Each structure stands twice: as structure tokens, then as C-alpha cells.
Amino acid sequence: MARTSSAVYELVRSRIMAGHYGPGTHLTEGQLCEELDVSRTPVRSALRRLSDEGLIQTEPNRGAFVAQWTQSDIDEVFDLRCVLEARGASLAAQRRSSDECADLRKSVKEMSRIAEVKSTTYKDDLHHNNREFHLLILSAARSPRLYKIAEQLADTSVTQGTFFYYTDADIARSIQFHTDIVDAIEQHNSSVAESLMSAHIGVAHVAFVAERFRE
């Protein structure tokens, strides 16, 4: 079956996140075409998107390489996300609608289901669910500039791969944080929502770095 450009992008991206293509790996069009059994057109499109997101780096006359993010790079991204998304959770607690609370509850329920079923793609599914959850909160904050900056920060960093490094205990902890954050937002408790989001991202930061740079 022929794969679309989007399907090739998702597959290569998932492999980068999971560490199948490690930092510094040279990704050639020919290699990817052979591995994925596709033509060069969807591969080129996928590599362009991954380059725009900062997941690969293109070097003149050499080609594409998986980005080699340092711990300092990752620390900076998590620190910025912590500040921005904690503020977003605080605003969401003040401004959310009942429908948005229901959507957040649904997202947490779906995350629990994904973690329980554990399909072959469950960590990628958890990543997508987690991204949706955080964007729902930023949307409920009613702050377009905050939304745009936080979204770009999350989508252009290798920290998107957090769930690929998570243990079962890390996933359970993340689900509990999501549950508690929704409780605070639903109760209009902005200070608690802010503190919980800050703690959530801070703990994720520590867990991710510990696994990513484990010797």
C-alpha cells in the first residue's frame, strides 16, 4: 500500500522519538525510500517538515541528520514550557467553559485507556493525547499569543518524545497529574492549577533527562 507524505512523516518522526534513529543519524532519501518502500517525493516532504520542527538538521552537500540536542537545550525548553504552561493553566481555571472541562475529562479518560490497553503504538498514542490535553488547556486560557508561543515551543523540540522514554510508573504519574490539573481548572482554582502544571512539567523534565542521558 502506498504511503502518503503525512504517513511517512509520522513514521519517521515516531522512529526519531523512540530512538530508532538516534541523535546524529544520517537519514538519506535512498535509505528511507528502501526502508519504507516509498518513492522519494513523500520522503522529501517528510524531511522538510521534520527540519522545520527542528528534529533533523540539513547540512549542505551532506544531507539530513537527526538533531543532536544537548541537555542544556532540553533544560531550556522545559524551563520555558514550565513558565508558559503554568500561566496557561492559571488562566484556564479562570476562563474555561463547561464544555472545555468536559473535553479535558475526556482526554484524561482516553489517556488511561491507552495506557491500559497498550497497543503496539501506545506510546505514540500517549504522545498525541498528551499534546491535545496541553493544547486544550492553552486554548481555554483565551490568550492567543500565549497559545502560539507555547505550541511552537513544544512542537519544535525533541521534548515531544518524552513518552517514549517513560516507564509505566511515569505514565501513571502523568495521568494523575492530568486528573488533578483538571480538578483544579474545573474548580476555578487558578493558583493550584498553576502549581500543578509547573510540578507536572518539572517532574516530566527530570524523568526525561534521566532516561535520555542515562549512561
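This report describes the fold, the nonpolar cores and the aromatic contacts of a single chain. The model is predicted.

**Overall fold**

The chain is built from nine helices and three strands. In sequence order these elements run α-β-α-α-β-β-α-α-α-α-α-α. The C-alpha trace extends over about 55 × 35 × 35 Å along its principal axes. For 215 residues, a compact globule would be expected to have a radius of gyration near 17 Å; the chain, at 18 Å, agrees with this. Of its 215 residues, 46% count as buried. Among contacts with a separation of 6 or more, 74% join residues 24 or more positions apart. The surface exposed by the chain amounts to about 11,000 Å², and 49% of that area is supplied by carbon and sulfur atoms.

**Nonpolar cores**

The largest nonpolar core comprises 37 residues, and the members with the most contacts inside it are Leu126, Phe133, Ile137, Ile171, Ile181 and Ile185. At least two residues of this core come from each of helix 4, helix 5 (98-117), helix 6 (122-140), helix 8 (168-186) and helix 9. Helix 9 provides the largest share, eight residues. Another core, of 20 residues, lies apart from it and includes Val12, Met17, Leu32 and Leu50.

Phe133 illustrates the packing in the 37-residue core. Leaving aside residues up to four places away in sequence, Phe133 touches Leu104, Ser107, Val108, His178, Ile181 and Val182.

**Aromatic contacts**

With ring centres required to lie within 6.5 Å, the count comes to three aromatic pairs. One of them joins Phe78 and Phe208, whose rings are tilted, with 5.9 Å centre to centre and 55° between the planes. This pair links distant parts of the chain, as Phe78 belongs to helix 4 (residues 71-95) and Phe208 to helix 9 (residues 190-212), 130 residues apart. Both Phe78 and Phe208 are buried. Together with Tyr165, Phe78 and Phe208 form one aromatic cluster.

**Charges over rings**

Two arginine side chains place their charged ends over tyrosine rings, as listed below.

| Charged residue | Ring | Distance from ring centre |
|---|---|---|
| Arg49 | Tyr9 | 3.6 Å |
| Arg173 | Tyr166 | 5.7 Å |

**Summary**

The chain combines nine helices with three strands. Its largest nonpolar core, of 37 residues, draws its largest share from helix 9. Helix 9 also carries Phe208, which pairs with Phe78 of helix 4.

Terms used:
Residues numbered from 1 in each chain as written. Predicted model: local features only at pLDDT ≥ 70, side-chain atom pairs only at ≥ 80, totals over all residues. Heavy atoms only, no water. Phe/Tyr/Trp six-rings, centres within 6.5 Å; stacked < 30°, edge-to-face > 60°. Helix = DSSP H or I, 4+ residues; strand = E, 2+ residues; numbered from the N terminus. Buried < 20%, exposed > 50% of the residue type's maximum accessible area, 1.4 Å probe, protein only. Lys NZ or Arg CZ within 6 Å of the ring centre and 35° of its normal. Rg over C-alpha atoms; globule rule 2.2 N^0.38 Å. Contact = heavy atoms within 4.5 Å. Areas by Shrake-Rupley, 256 points an atom, 1.4 Å probe, with all protein chains shown as cover. Core = buried A, V, L, I, M, F, W, Y, C linked by side-chain atoms within 4.5 Å.
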